[in-house]
Amino acid sequence: MEATQYFDQYLTQAQQLVLEGKEFDSVKEHLTASGADAVTVETIIHQLRTHTYLKRRKRGFFLGLAGAIMLMLGFLLTVLFYHSGISIHYVMYGMTSIGAILLVAGLVEIIGW
């Protein structure tokens, strides 16, 4: 019971440090200085990394999806406007640029640059 209590305390400390913007290495050093053993520190860092990267992948997926939808919508509107005789410049360049930027931003979040 006592080991679980210490684990929960260390995990709470680590989560707070990550929310403050600390890097994983500094969180690791802080936990080691607080008296946590190596196995506990590695387990906590692994949990924090998994949670952080899962959030980034999810955000990246939705950004990429929004970019792909913008690109498809821009293409469809460009074709529609072209055959209707309406100027296609704003739709073609504006929506394509926004869609491409969102798509690349999503890929960056997924890859983890």
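**Close-up views of a predicted model**

**View 1. E109 and its neighbours.** E109 lies in helix α4, which covers residues 89–111. Keep in mind that what you're looking at is a predicted model. Is E109 buried or exposed? With a relative accessible area of 17%, E109 is buried, because anything under 20% gets that label. Leaving aside residues up to four places away in sequence, E109 touches R56, R57, R59, G60 and L63. Two of those partners, R56 and G60, turn up again among the buried residues of α3.

**View 2. Helix α3 from end to end.** Here's α3, running through residues 38–84. This helix has 47 residues and reaches 68 Å from its first C-alpha to its last. That's close to the 69 Å expected at 1.5 Å a residue. Which residues of α3 are buried? They are T40, V41, I44, I45, L48, R56, G60, G64, G67, G74 and T78. Just after the helix comes G85, with a positive phi of about 85°.

**View 3. L77 on α3.** Now zoom in on L77, which is found in α3. L77 counts as partly exposed because its relative accessibility is 24%, and partly exposed covers the range between under 20% and over 50%. Setting aside residues up to four places away in sequence, L77 touches V91 and M95. How far is L77 from K55 in space? Their C-alphas are 33 Å apart, with the two positions 22 residues apart in sequence numbering.

**View 4. The largest nonpolar core.** This one gathers 12 residues: Y10, L11, A14, L17, F24, V27, L31, A36, V41, I44, I45 and L48. Helices α1 (2–19), α2 (24–34) and α3 each supply at least two of them. In soluble globular proteins, nonpolar side chains tend to be buried together. Take L31 as a way in: not counting residues up to four places away in sequence, L31 touches Y10, Q13, A14, A36, V41 and I44.

**View 5. The largest pocket.** About 200 Å³ of space lies in here. Helices α1 and α3 are the elements that give two or more residues to the lining. Which element gives the most? That's α3, with seven residues. Around the pocket you'll find L11, Q15, V18, L19, Q47, L48, H51, T52, K55, R56 and R59. Sorted by type, the lining has four nonpolar, four polar and three charged residues. Some names are familiar by now: L11 and L48 also belong to the largest nonpolar core, while R56 and R59 are among the residues that E109 touches.

Definitions and conventions:
Residues are numbered from 1 along each chain as its sequence is written. This is a predicted model: local features need pLDDT of at least 70, side-chain atom pairs count only at pLDDT 80 or more; totals for chains, interfaces and linings use all residues. Side-chain values use heavy atoms; hydrogens and water are left out. Helices (H or I, at least four residues) and strands (E, at least two) are DSSP runs, numbered from the N terminus. Buried means under 20% relative accessible area, exposed over 50%, partly exposed in between (1.4 Å probe, protein chains only). Contact means heavy atoms within 4.5 Å. The expected span of a helix is 1.5 Å times one less than its number of residues. A nonpolar core is a set of buried Ala, Val, Leu, Ile, Met, Phe, Trp, Tyr and Cys residues joined through side-chain atoms within 4.5 Å. On a 1 Å grid over the protein atoms alone, a cavity is a set of points where a 1.4 Å probe fits but cannot get out, and a pocket is an open set with protein on both sides within 12 Å along at least five of seven lines; lining residues have an atom within 4 Å of a point. Grid points are joined across faces, edges and corners, and a volume is the space filled by probe spheres set on the points. Ala, Val, Leu, Ile, Met, Phe, Trp, Tyr, Cys and Pro count as nonpolar, Asp, Glu, Lys and Arg as charged, and the others, Gly among them, as polar.
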